[in-house]
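Please look through the structure shown here with its strands, its nonpolar core and its charged pairs in mind.

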Amino acid sequence: ARLSGVLAAGLARIRPLTAVRAVWSEASAAQAEHDRVRTVLRTASTAFSVHEEGPSGSGGWIFRLRHADVPGVEFAQLRMTEARVLFGAASHENLPLVEALPLVQHAITERHADYALAALEGLHAWVASVGEEKLATEFGEEAAGALTAVALGRPRPGHSVLGQGTFRAAAPAWAVLQSRFAAETAEAEEARLYSAAGMQFVRIQPGTNGAADAALLSLPGLGEP
């Protein structure tokens, strides 16, 4: 129960953390530093290093990827809760998110991370973009109408509110689409980052209080927390 509560708390923090990428832009705003960063990315002859902060008062950790040639720049960042759940992976604007892989590997081997929550920002828009006709072909007309309503955040035709009946009608097909989104789309790069470190998909963690849904992953053999 404690871990479930921590997962819920981590999920609630995911949405605000999507803004962390703005930090990278601010860090390289000065052109001179921007040029130095690009030079390091092209010609670095020494390895990047992992820097740790933690445990905090709540028991959490922050991992940062840095290079000696530009000590003021964070090339990637990753967070871990007190229950050893990774979340909030982000990278410098000049790097793909997969470059944060050393942080994930470090957190697993050195700090014994067991699980990860990967934000699925863009899921609703992606489901809506599939189109109701295509959804109906795969899942049936009733499910397609419910899926479209949930994705767009509006009631189904003939309904006055977006209620629990719509969510129940959409639920089985929504789970399929959530898993597909996490595995196949460019927007789900955080889930693929954790997969690249050997973690395996467990389930979708529904978002609450406006937070995005998230993919829950674990080390092999752990399964449900």
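The paragraphs below take up the strands, then the core, then the salt bridges.

This is a predicted model, and a convenient place to begin is strand β2 (residues 61-66), where five of the six residues are buried. On one side β2 is joined to strand β1 (residues 49-53) by five bridges in an antiparallel arrangement, with serine 49 standing opposite arginine 66. β2 also pairs in the antiparallel sense with strand β3 (residues 76-80), again over five bridges, and here tryptophan 61 faces methionine 80.

The largest nonpolar core holds 46 residues, and Leu78, Leu86, Val127, Leu193, Tyr194 and Ala215 have the most contacts inside it. Helix α8 (residues 164-184) supplies the largest share of this core, six residues. A second, separate core has seven residues, among them Val85, Tyr115, Ala214 and Leu216.

Seven salt bridges are found in the whole structure. Arginine 66, which was met above in β2, forms one with glutamate 74, their closest N and O atoms being 3.3 Å apart; glutamate 74 counts as buried at 15% relative accessibility, whereas arginine 66 is partly exposed at 23%. Salt bridges with shared partners join these two residues with Glu53 and Arg64 into one network.

Another salt bridge, between glutamate 224 and arginine 203, has its closest N and O atoms 2.7 Å apart. Because glutamate 224 lies in the segment after β7 (214-218) and arginine 203 in strand β6 (residues 200-205), this pair ties together parts that are 21 residues apart in sequence.

Methods:
Residues are numbered from 1 along each chain as its sequence is written. This is a predicted model: local features need pLDDT of at least 70, side-chain atom pairs count only at pLDDT 80 or more; totals for chains, interfaces and linings use all residues. Side-chain values use heavy atoms; hydrogens and water are left out. Buried means under 20% relative accessible area, exposed over 50%, partly exposed in between (1.4 Å probe, protein chains only). Helices (H or I, at least four residues) and strands (E, at least two) are DSSP runs, numbered from the N terminus. Two strands pair if DSSP finds at least two bridges between them. A nonpolar core is a set of buried Ala, Val, Leu, Ile, Met, Phe, Trp, Tyr and Cys residues joined through side-chain atoms within 4.5 Å. A salt bridge is a side-chain nitrogen of Lys or Arg within 4 Å of a carboxyl oxygen of Asp or Glu.
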